[in-house]
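Student: Before we look at the structure together, I would like to ask how each label is justified, rather than take the labels on trust.
Tutor: Then let us go through them one at a time and set each value against its criterion.

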Amino acid sequence: MGVALSEQSVQGAPSAQTSPVEYRIEDLAHHSGATVRTIRAYQDRGLLPRPERRGRSNVYGDTHLARLRQIADLLDRGYTLASIKELLEAWDAGRGLGGVLGLVAEVDGPWTDEEADRISRADLDAAFGGKPDEDAIREAIELGVLERIPDREDEFLVPSPQELSVAAELYEAGVPLSAISGHLRELRVQVEHIASRFLEFTTEHVFARYLEHRPPTDADAAEAAAMVRRLRPLAQQTVDAELARAMRLFATRHLQHHLSAGPQPVPDDEARPVSLPSGTIRAVQGLVGAENVAAFVTAAAEREVQTRTLDALASNHHEESGVDQMGR
């Protein structure tokens, strides 16, 4: 993600040489990774100081290189050129950026204690049925569940081992890989919405006072960074608690729904699930216990069917006997 943020990277690291290093624009582009066109665009927008003029040549120095690396790093972190310009103008005006850079580093840091791991292709195949599946690998890479390692075809980086472990357990339980990836895509959209709402909520009620100045003062930025450290675990804890509550609620309802429908025979064109009133289910639970509801309903239904069958047979027999007697 670029070089580490520090005030020294804005100023330019001290050179071990007695004379300052000088670059032509092509050399500056080579060392910074930016294109010549990008460097000129940054100059036009006031993001990069103008070079010194030496005869017919423009000369750049280490300060220009450090500034280009700083811009690239902030762009990688999602900052716009307009906001980067405000930060750099504050620095050029003599205001320190230590607090702001600390806030950037705090927000950009890991939001979980989980550490990335590696997995060999052989172990990956073994965890998912033992057969290579190139389509599944491509989809996992697209979703970020796996990342390729340069020059290693037989090994992958796993950003979240827990996420991969969950997928392996679901697959072992019989869930197809296509269903797992589809579920992850749907879940990711919902979780991103939760994260966005949490940030909007905390920004409105907590961080707005620290961000009144653009860019914020060192003191405000440092205090906001400390607040990020305090609030960082709250999002995870809230989601965990609410997910546990929701799972308990819906899992119970889901089980009751399937139990109330009784056992599901081999489906045919006429088979339909039957829902019983909740009062009936509660009465049966009180009579035989929750674990025996399905068996009780099945037995009662079968007994009723048998009784009606016997009644129908007996009725038919009586009718046939009456006909015989009248015929005599």
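Student: Which helix gives the most to the nonpolar patch?
Tutor: Helix α11 (residues 218-260) does, with three residues; please keep in mind throughout that this is a predicted model. The patch on the surface is formed by Ile194, Val239, Leu243 and Met247, which together have about 360 Å² of accessible area.

Student: What makes Ile194 partly exposed?
Tutor: Ile194, which has its place in helix α10 (residues 177-207), has a relative accessible area of 43%. Buried would require a value under 20% and exposed a value over 50%, so Ile194 at 43% is called partly exposed.

Student: Why is the contact of Arg185 with Glu139 called a salt bridge?
Tutor: The criterion asks for a side-chain nitrogen of Lys or Arg within 4 Å of a carboxyl oxygen of Asp or Glu. The side chains of Arg185 and Glu139 meet at 3.4 Å, N to O, and therefore the pair qualifies as a salt bridge. Arg185 lies in helix α10 and Glu139 in helix α8 (residues 134-143), so this pair ties together parts that are 46 residues apart in sequence.

Student: Which other salt bridge does Arg185 form, and what parts of the chain does that pair link?
Tutor: The side chain of Arg185 also meets that of Glu142 in a salt bridge of 3.4 Å, N to O, and this pair links helix α10 with helix α8 across 43 residues.

Student: How do you know whether Arg185, Glu139 and Glu142 are buried or exposed?
Tutor: Arg185 has 32% relative accessibility and Glu139 has 28%, so with limits of under 20% for buried and over 50% for exposed, each counts as partly exposed. Glu142, with a relative accessible area of 59%, is exposed, because its value is over 50%.

Student: What makes β3 and β4 edge strands?
Tutor: Three strands form an open sheet in the order β3-β5-β4, with antiparallel pairing. β3 (117-120) and β4 (147-149) each have a single partner strand, so one side of each is left without a neighbour in the sheet. From one strand to the next, the twist averages 40°.

Student: How do you know that β5 pairs with β3 and with β4?
Tutor: Pairing requires at least two bridges between two strands. Four bridges join β3 to β5 (residues 152-158) and three join β4 to β5, so the requirement is met in each case. Among the facing residues, Ser120 has Glu155 as its bridge partner in β5, Ile119 stands opposite Phe156, and Glu147 stands opposite Leu157. β4 and β5 also form a hairpin with two residues between them, where Asp151 in the turn has a positive phi of about 65°.

Student: Why is the contact of Arg152 with Asp154 called a salt bridge?
Tutor: The closest N and O atoms of Arg152 and Asp154 are 3.4 Å apart, which is within the 4 Å limit, and therefore the pair is called a salt bridge. Salt bridges that share partners join Arg118, Arg152, Asp154 and Glu155 into one network.

How values were computed:
Residues are numbered from 1 along each chain as its sequence is written. This is a predicted model: local features need pLDDT of at least 70, side-chain atom pairs count only at pLDDT 80 or more; totals for chains, interfaces and linings use all residues. Side-chain values use heavy atoms; hydrogens and water are left out. Patches are made of residues with over 30% relative accessible area and no salt bridge: like charges are joined within 9 Å, nonpolar side chains (Val, Leu, Ile, Met, Phe, Trp, Tyr) within 5 Å. Accessible areas come from the Shrake-Rupley method with a 1.4 Å probe; for residues, only the protein chains shown count as cover. Buried means under 20% relative accessible area, exposed over 50%, partly exposed in between (1.4 Å probe, protein chains only). Axes are lines fitted to C-alpha atoms, for helices over the stretch in contact, and angles run from 0 to 180 degrees between N-to-C directions.
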